[in-house]
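Colleague: Hi, could you walk me through this one? I'd like to start with the contact between the chains and then look at a few residues.

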Amino acid sequence: MYNTVSALKALVRKDIILFFSNRRSLLITIAAPILIAAFFGNLMSPKSATISKVPVAVVDLDRSPLSTKITTALAADTAFDVSTPPKAEATELVRKGKLRAMIVLPAGFGANAPRALFSGGDNKNLPQIDIHYDPSQSMVLGLVRGVLSQHVMEEVSQSVFGGGAAGAINPVIEDLRAQVAASTTRPDLKRDLAEMFDSIAKVQIQVKAQAQTNSSGVSQPDGSKSAGGFSFSLPFKTEAIEVTSEFDKKYNGYAQSFAGMSVQFVLFMGIDFGIALLLARRLGLWKRFRAAPISRATLLGGSILSCTLIATFVMAIVFSVAMAVFGVRVEGSMAGFLGLIVTFGLLTATFGLLIAAVGKTPEATRGLAVLATLLMVMLGGAWVPSFLFPDWLQTVSLAVPTRWAIDGLAAMTWRGLGIEAALKPILAMLGFSALFGGLAIWQFDWDE
Amino acid sequence: MHNTRQATATQNASGLIATNLEKRYGDRHVVSNVSITVKPGEIVGLLGPNGAGKTTTVSMICGIVEADSGSVFIAGMDTNDGFATKRRIGLVPQDLALYENLSALQNLELFGALYGLSGDLLKSRTVEALALVGLSDRAKDKPATFSGGMKRRLNIAITLVHDPEVLILDEPTVGIDPQSRNAIFDNLETLKAHGKAIIYTTHYMEEAERLCDRIVIMDHGKVIASDSLANLYKQLPASQTLEIECDNLPDLAALRKVEGVTDAVLASVPAVKPDANRNADPDHEPQADQTMAKAVNQTTSKIKISLNDLSTDAAKVLVWLGVQGIRVNRVSSGRANLESLFLTLTGRQLRD
């Protein structure tokens, strides 16, 4: 028993000395995930998202007051960086990828859009706004449609119901009245619509008169200048609230990227660990180990233990930098976080052992192992968060151990969940570790 | 009763006793019925071409490869009985089995710890092992900075740190300069003097001849010869030879009848290049020697005489030539070597 413990200590000590003696490799193992995670974290942080407006062109072929108002409203929107080049130039800019989309307001839009409000969905008479977009940026299309709809509805409603010049009847209402009178609508309905238009016109005249009084400095009985002020607008407003660990905590994009990159580079370290075992075999070191009075379990156990410790150390260092420099915090359970990085260290060690067991030569094995690792980290959500995956891929990626590691780390950091959210990923990774370790022992070639 | 006595004798014996080792890989019989015994203070050379089964045999002795059958006793203990016997064996692999990025001292400490050493004992053993191979002053340096010969010596020192009773060296001098090789030979002779039982696997015949007390020759997984060097040479038709240059050609048929002479042939004559194949042919015709000699100027002839024992029979030949009135101009002696022994035993060169 004593010899087993001292042999284990010697094997672990050896691996740790070797790990720290190769300073170049050490630097890459620790610096690379930090640098890349910093880059991705910066891209994904909320601050960056507000700065990055979508470049959009508005081509106004109508030049009416309504289309001008819509253009102005779009330009004022924080989501867009609006320009108004000629149509041909705008098309070329979209083609080159300089603009994400081009909105074309057609000639006659100002006249036709208010009428279309009462068209009863008759598509033939609806004015058409074309949106030309860059197909490589198709996710922008939804955003453009949404923001455009908001501003068009707001301005068209305002033009219909908001009134014309002071003391005058809104020409849009007059136009609608004439349109209804000339239509083949049932007489009783015509009468009801005419009354509605009259009421709207009456309100509009009163509102305009009141507005003029206010602007001339005459106070209301209650002292308010705006009393009686009236305009049409969207019947709601929105406010975006991030759901993170706490109500007032901001989402930290670095937490997600550091989870992904640390997982990726620690797995790369696991590959090096497996390759080192293959090299030890080639160099005859394995013969020495096998000739020594230690069991196979001690030999493999020592390797697994040392790799687990080193992997845990690397994860801890990378996350320490993330916390010290990039504001990443373990908002959830610290015990869960530690459990996750130790379990992932074990997973890395068994992965490396599997590589050593199934690999034939170091050269041939490295390429395949790197490919397998890249696939695992890609499907695990190290590069792009898994919540952006299609549904089917989100389901499939649960079969990849890195998905559990990254999701677990996200849960313990920026999501701020409790230890119960770490248990499932820990159990899943222990299962994968048992699978990898079992396969490795089964496949391990003990004969020299 | 007899078996019991034999088993007890085996258990009481020190050194290494490997008996009837067998190993198959599928249909391939890699090692067949191999037995090797090495006593303390003895070096046994294990020779054979590539694929002869030497490494597999050594691996079975060290417990790296499990034997299909047979037994290995170290200092009277069966190797199947646990790790106790492994502590008494030291293997020097053919490859440089050391960590280039650990210092020489750290390499020794690692493997010493694997053999259960710790504390002061480990410290003193590492110092002793490094001193034995002449690397005390480089203890803290990494092998990456060592010469090939120094790495080879460190490769041996790592094996010595746990002070094994049985040492197995698998071609320990591959790829090093003569000076380093001599240094290693000195180390091995010191270890032999310390009572270590040593198996020395090599391709180099001169190494085996210099170092080994006994030779085991393997081919196709079997032991084809096992004896002391002197006894093995006796198996050769011409183990020891005497070459004589004389003014006149003696009667070779009469010479062959001299006590201790096993053969006598005309090796060469002036102005005629000798036919090596012809001279090596044991079935040569003596008459042809005479004919050939007469065909040329007979003033100087070189005769190759095979003797049973060079030390005692050479004088008899020289006396006989003097009695015959033949003046001897030059005498040189030669011995058969392991290369020729292997050739004789297998019909193949050792490095085939």
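Modeller: Happy to; we can take the interface, then chain A overall, then some salt bridges and single residues. Keep in mind that this is a predicted model.

Colleague: Good. How many residues of chain A are in contact with chain B?

Modeller: On the chain A side there are 27, and they are in contact with 31 residues of chain B. Which residues stand out? A:Lys287, A:Arg288 and A:Pro293 supply 27% of the area that chain A buries against chain B, more than any other three residues.

Colleague: And how much area do the two chains bury between them?

Modeller: About 2,600 Å², with 59% of that on carbon and sulfur atoms.

Colleague: What about polar pairs and salt bridges across it?

Modeller: There are 7 residue pairs in polar contact between chain A and chain B, counting pairs with both residues at pLDDT 80 or more. The salt bridge count between the two chains is 1. That bridge joins A:Arg13 to B:Glu109, with 4.0 Å between the closest N and O atoms.

Colleague: Which elements of chain A give two or more residues to that side?

Modeller: Those are α1 (2–21) and α11 (285–291) of chain A. Helix α1(A) gives the most, with 11 residues. Sorted by class, the side of chain A that touches chain B has 14 nonpolar, 8 charged and 5 polar residues.

Colleague: Nice. Zooming out, what is the secondary structure of chain A?

Modeller: Chain A has 17 helices and 4 strands. Of its 448 residues, 44% are buried. The accessible surface of chain A comes to about 22,700 Å², and 63% of that belongs to carbon and sulfur atoms.

Colleague: How do the contacts in chain A spread along the sequence?

Modeller: If you take contacts between residues at least 6 apart in sequence, 79% of them join residues at least 24 apart.

Colleague: Back to charges. How many salt bridges are there over all chains?

Modeller: The search of the whole structure finds 22. As background, side chains of opposite charge can pair when their charged atoms come close.

Colleague: Give me one inside a single helix?

Modeller: Try A:Arg403 and A:Asp407, whose closest N and O atoms are 2.7 Å apart in a salt bridge. Both lie in helix α16 (residues 401–412) of chain A, 4 residues apart, about one turn of the helix.

Colleague: Is A:Arg403 buried or exposed? And why?

Modeller: A:Arg403 counts as buried because its relative accessibility is 9%, and the cut-off for buried is under 20%. Its partner A:Asp407 is partly exposed, with a relative accessible area of 27%.

Colleague: Now chain B. Which partner does B:Arg181 have in a salt bridge?

Modeller: One is B:Glu207, with the closest N and O atoms 3.3 Å apart. B:Arg181 lies in helix α6 (residues 178–193) of chain B and B:Glu207 in helix α7 (residues 205–211) of chain B, so this pair ties together parts that are 26 residues apart in sequence. B:Arg181 is buried at 16% relative accessible area, and B:Glu207 is buried too, at 1%.

Colleague: Does anything else join in there, and what is it?

Modeller: B:Glu206 does: B:Arg181, B:Glu206 and B:Glu207 are linked in a network of salt bridges.

Colleague: Got one between strands?

Modeller: Yes, B:Glu245 and B:Arg330 meet in a salt bridge through their side chains, at 3.8 Å from N to O. B:Glu245 sits in strand β11 (residues 240–246) and B:Arg330 in strand β14 (residues 328–335), both of chain B, so the pair ties together parts that are 85 residues apart in sequence. B:Glu245 is partly exposed at 23%, and B:Arg330 counts as partly exposed at 46% relative accessibility.

Colleague: Switching topic: where is A:Thr365 found?

Modeller: In helix α14 (residues 362–380) of chain A. At 8% relative accessibility, A:Thr365 counts as buried. Leaving aside neighbours within four places in sequence, A:Thr365 is in contact with A:Ile275, A:Leu278, A:Ile355, A:Gly359 and A:Lys360.

Colleague: Last one, A:Gly110. What is around it?

Modeller: A:Gly110 is found in helix α6 (residues 109–116) of chain A and is buried, with a relative accessible area of 17%. Beyond its neighbours within four places in sequence, A:Gly110 is in contact with A:Asp62, A:Ser64 and A:Leu66. The C-alpha atoms of A:Gly110 and A:Lys69 are separated by 9.9 Å, with their positions 41 residues apart along the chain.

Conventions:
Residues are numbered from 1 along each chain as its sequence is written. Chains are lettered from A and ligands numbered from 1 in the order in which they are written. This is a predicted model: local features need pLDDT of at least 70, side-chain atom pairs count only at pLDDT 80 or more; totals for chains, interfaces and linings use all residues. Side-chain values use heavy atoms; hydrogens and water are left out. Contact means heavy atoms within 4.5 Å. Buried area is the accessible area (1.4 Å probe) that two parts lose on being put together, summed over both. A polar contact is a pair of N or O atoms within 3.5 Å; within protein, one must be able to donate a hydrogen and the other to accept it, and residues adjacent in sequence count only if both atoms are side-chain atoms. Ala, Val, Leu, Ile, Met, Phe, Trp, Tyr, Cys and Pro count as nonpolar, Asp, Glu, Lys and Arg as charged, and the others, Gly among them, as polar. Buried means under 20% relative accessible area, exposed over 50%, partly exposed in between (1.4 Å probe, protein chains only). Accessible areas come from the Shrake-Rupley method with a 1.4 Å probe; for residues, only the protein chains shown count as cover.
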